[in-house]
Amino acid sequence: MSHPMSQGRVECRDLTKMFGEEWARQVIVQNASFVVEEGKLNVLIGPSGCGKSTLINLIAGYEEPTQGEILIDGERVQGPGRDRLVVFQETALFPWMTSLGNVMFGPEVRGVSAREARQEARRLLEKVGLKGFEDKYPSQLSGGMQRRCELARALINQPKIMLMDEPFRGLDAMTRELMQEYLLRLFEETRHTILFVTSELEEAIFLADRLLILSAKPTQVKEVLDIDLPRPRDFHVLTSERYGELKQHALEALYEEAVKAFAKGSKAAYDLVEAFGKRVSG
Amino acid sequence: MSAAGFAKWALVLWTILCIGLGFFRFTDTTFPLNPPPGVHGELHIALQAMRAYQFWGAIWIAPAIGLFLLWRMKREVDDEPAVRRRRLERRQPLARRLGKTLLNVHTFRGVLGVLAVLIIWQLAQPLGVPIIKRIPPLSEVVMRFFDDRGLFWRDKYWAGWVISLFRIFSGFILALLIGVPQGLAWGLSRTLKSVSFPVFEIFRPIPPLAFLPAAIYLMPTAELSIIFVIFLGAYFTIVINTINGVYNVDKSMERAALSLGAKRSDVFWKVIFPGTLPSIITGATVGMGITWMVLVAAEMIAGRSGIGFLTWESYTAGDIPQVVVGMASMGVGGAICSAIIWRLGTNLTPWRRLF
């Protein structure tokens, strides 16, 4: 797919998001400023419950920021649009449509003729390895197939940026690794701008060009790490020396945040401290 | 909108309009509580209904065929998987298709279960099972049904079927036509719901039968009062289920649709409506059961015809085997109606057949 690389730059300026009434205000994101660079695989990482999904919802336009603004290629975000595609944690395929119908949804609501939409959908389904599964309903597909179908549904609209909110959560370890490699291959081929959210450090470093490490709540971007591992990548990267260094560095940054949050008594932070302990000893 | 879409919706609206107009023409005439001499009251009503629908049927048919053909020609389905599957299915010989739906292990088990109950029923009296032994045994009921004064030979029994089914479906379809849009509207708009839902909630616990005296007083004909009460029986269940159905549509589906470029109308027709459909079908199935419960009581009080009325008449005459005939008829009627709804439901939601 030909796609200009200069598209899909997301700038978040001084972003603040609060929930609740005045007397019980919950600050989720506070004065977060960061950039999602175009044509790169940007990964957001932070402990679970730190407001990653809120950030995605803000960029997707499902929610409005309390303060600050989000610019996509210089244009302000106002509500959801098809230039930003979201792939959700749990599958959001429409269970009442076949996988072909799901992939055709985008062009159909845009008013493309059914024949053309069907052709394009078939092409994309074949590309994600779902040839022969066109008339299956999502409930008949395995977890990995559902994610790939969702990818096809996203790609058919040629979005400027793909927002992926822990898309591989809930997959078994094997499928997950395959999906990660698949996503990498897809990205290296198309160079779509991707913002990928995860709470798993290995996954994050394996995929990322840029790693945005989030602080504990209220969320800010604490550090941006350039992952300079060579592309195309495969699982051999995981044993390289550079990978170890990067991981060490990121872990320290995350650990610092976790301790801070731990002092405030957050359950999520407690989990992270525990996980960190395991990783260091094991 | 495409020509095919226009034809499809025009056909649907035209059909609803004709059914509705036929219905009003039919109920507009004051029903004879005293039928003309020489004609059974029930038969008279049935004839009137048929006449009303002959008229509207004749007006309906030509535009309907035209619109249907237009839709068939203009739609783009050559390649659609569902169509291909159906075409494959049609190519199978009819005997095989029938055999597959009728002669399978599920039907066999069902027949076995019914047979078991019939045998217990037949043997209850000779064996002296407490309480059940007072029910006239199966053989006696069947004999009563077919003997020379049995209901099988009487016009009023078969006309009663027609009339009862007509009342059921009038009330039920009315409940669907009003209840589903209302449930969807309430599910979608908090403002609308918070204004009008409390009123609904006050009316809902009142049993439909308690409306009957008021309905008889308010409605121009006894027929309409029965249909109104049947309507109430199905309506509340359908509305509640539809609202819940809308609430149960996953928020992320809506969001996904919006991110794929859908307009609000697309979100409604392609996401919220199909997502709510299973709940609507559940509501309709439960509602259909309630309509049969209501029907019998309504006919007993307000009617001069129908299966419920015949049952009550038999009771006042002290003819217990014939009461059981009436009960069995209602049971069979209810089961057939539920089966129809069920079948329609599974056809409308093919994705759920897989579980």
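These are my notebook entries on chain A, its domains and its contact with chain B in a predicted model.

Entry 1, chain A overall. I began with the secondary structure, and for chain A I noted eight helices and 10 strands. I then looked up burial, and found that 43% of the 282 residues in chain A are buried. Turning to the contacts in chain A with a separation of 6 or more, I noted that 69% of them join residues 24 or more positions apart.

Entry 2, domains of chain A. The domain assignment gave me domain 1, written as 1-83 + 160-235, and domain 2, written as 92-158. I looked up the C-alpha centres of these two domains of chain A, which lie 24 Å apart. In the contact between them I counted 11 residues from domain 1 of chain A and seven residues from domain 2 of chain A. On the domain 1 side, the largest share comes from helix α5 (residues 173-190) of chain A, which gives three residues. By residue type, I recorded that side of domain 1 as seven nonpolar, three polar and one charged.

Entry 3, chain B against chain A. Which chain did I find giving 27 residues to this contact? That is chain A, whose 27 residues are in contact with 20 residues of chain B. On the chain B side, I listed α3 (81-91), α11 (251-259) and α12 (264-302) of chain B as the elements that give two or more residues. Of the side of chain B that touches chain A, α11(B) supplies the largest share, with six residues. I closed the entry with the residue types on that side of chain B, which divide into 11 nonpolar, three polar and six charged.

Note on methods: Residues numbered from 1 in each chain as written. Chains lettered and ligands numbered in written order. Predicted model: local features only at pLDDT ≥ 70, side-chain atom pairs only at ≥ 80, totals over all residues. Helix = DSSP H or I, 4+ residues; strand = E, 2+ residues; numbered from the N terminus. Buried ≥ 20, exposed ≤ 12 C-beta atoms within 10 Å, placed from the backbone. Nonpolar A, V, L, I, M, F, W, Y, C, P; charged D, E, K, R; others polar. Domains from an automatic or database assignment.
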